[in-house]
Amino acid sequence: MAILNIIKEGDPILRKTSRPIEKVDARTKQLAQDMLETMRAANGAGLAGVQVGKLRRIVVVETEPDKPYIMINPVIIASEGSQTGAEGCLSIPGKWGLTTRPMTVTVRAIGLDGNEYTVTGSGLTARAFCHEIDHLDGKLYTDIVIRMLDPDEIEEE
Ligand code: NI
């Protein structure tokens, strides 16, 4: 396993559209493991392939300890409700902004075993699913931010 370099806002690659993964192979599994390790080392809740320079449709999300979601070619197939809260990004370190996201989303994706699955997440998990899948289409949370937060507002949360 390896900790990968996380690309920061301003690099044009973050605005590119990622390509589907055709086949889940040993390289895909290695990438997923490296992404998980990189996300954990950076204390993040999610990471998309593009953020480590791989323009492939793969994301990892971990909003509860040791319960990672690995999503290949993920698609949001249903969403419900809304939530407004603080959102950050490992590519935009030290900053947070208020965004509105669905309260609950259902994602269809392929897992590391090559099989399709669906998962429904709420709250922070739904927010993370939306945020990471947006990365695959070159979108950042700052595109939809209501306003950026001051550091003292974060401490209150
Ligand atoms: Ni992000």
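This passage walks through the nickel site, the nonpolar cores and a few notable loop and strand residues of a predicted model.

The metal site is a good place to start. Three protein side chains reach the nickel ion: Cys 89 through SG, and His 131 and His 135 each through NE2, at 2.0 to 2.3 Å from the ion. Along the chain, these donors follow the spacing C-x41-H-x3-H. Cys 89 belongs to strand β4 (residues 83-89) while His 135 belongs to helix α2 (residues 124-135), so this pair ties together parts of the chain that sit 46 residues apart in sequence. Both of these donors are tucked away from the surface. Cys 89 has a relative accessible area of 9%, so it falls under the 20% cut-off and counts as buried. His 135 comes out at 0% and is buried too.

Helix α2 turns up again in the packing of the interior. The largest nonpolar core takes in 20 residues, and Met 71, Val 107 and Phe 129 are the ones with the most contacts inside it. Strands β2 (58-61), β3 and β6 (104-110), along with helix α2, each give two or more residues to this core. Helix α2 supplies the largest share, at five residues. Apart from this core lies another one, made up of 14 residues, including Ala 32, Met 35, Leu 47 and Ile 72.

Phe 129 deserves a closer look. With a relative accessible area of 0%, the Phe 129 side chain sits in a residue that counts as buried. Leaving out residues up to four places away in sequence, Phe 129 touches Val 61, Tyr 69, Met 71, Val 105, Val 107, Val 119 and Gly 121. One of those partners, Tyr 69, is also part of an aromatic pair. The model has one such pair, and it is formed by Tyr 69 and Phe 129 in an edge-to-face arrangement, with 5.3 Å between the centres and 85° between the planes. The pair bridges distant stretches of chain, as Tyr 69 is in strand β3 and Phe 129 is in helix α2, 60 residues apart. Tyr 69, like its partner, is buried, here at 15% relative accessibility.

Now for the loops. Gly 81 sits in the loop between β3 (69-80) and β4. In contrast to the buried residues above, Gly 81 is exposed, with a relative accessible area of 56%. Once neighbours within four places in sequence are set aside, Gly 81 is in contact with Arg 101, Pro 102 and Met 103. Val 105 is 24 residues from Gly 81 in sequence, and the C-alpha atoms of the two are 9.0 Å apart in space.

Backbone geometry picks out two further residues. Most residues other than glycine have a negative phi. Asp 66 goes the other way, with a positive phi near 60°. Asp 66 is in the loop between β2 and β3, and at 68% relative accessibility Asp 66 counts as exposed. Asn 73 likewise has a positive phi, in this case near 50°, but Asn 73 is found in strand β3.

Note on methods: Residues numbered from 1 in each chain as written. Predicted model: local features only at pLDDT ≥ 70, side-chain atom pairs only at ≥ 80, totals over all residues. Heavy atoms only, no water. Donors = N, O, S within 2.8 Å, 3.2 Å for Na, K, Ca; no water. Helix = DSSP H or I, 4+ residues; strand = E, 2+ residues; numbered from the N terminus. Buried < 20%, exposed > 50% of the residue type's maximum accessible area, 1.4 Å probe, protein only. Contact = heavy atoms within 4.5 Å. Core = buried A, V, L, I, M, F, W, Y, C linked by side-chain atoms within 4.5 Å. Phe/Tyr/Trp six-rings, centres within 6.5 Å; stacked < 30°, edge-to-face > 60°.
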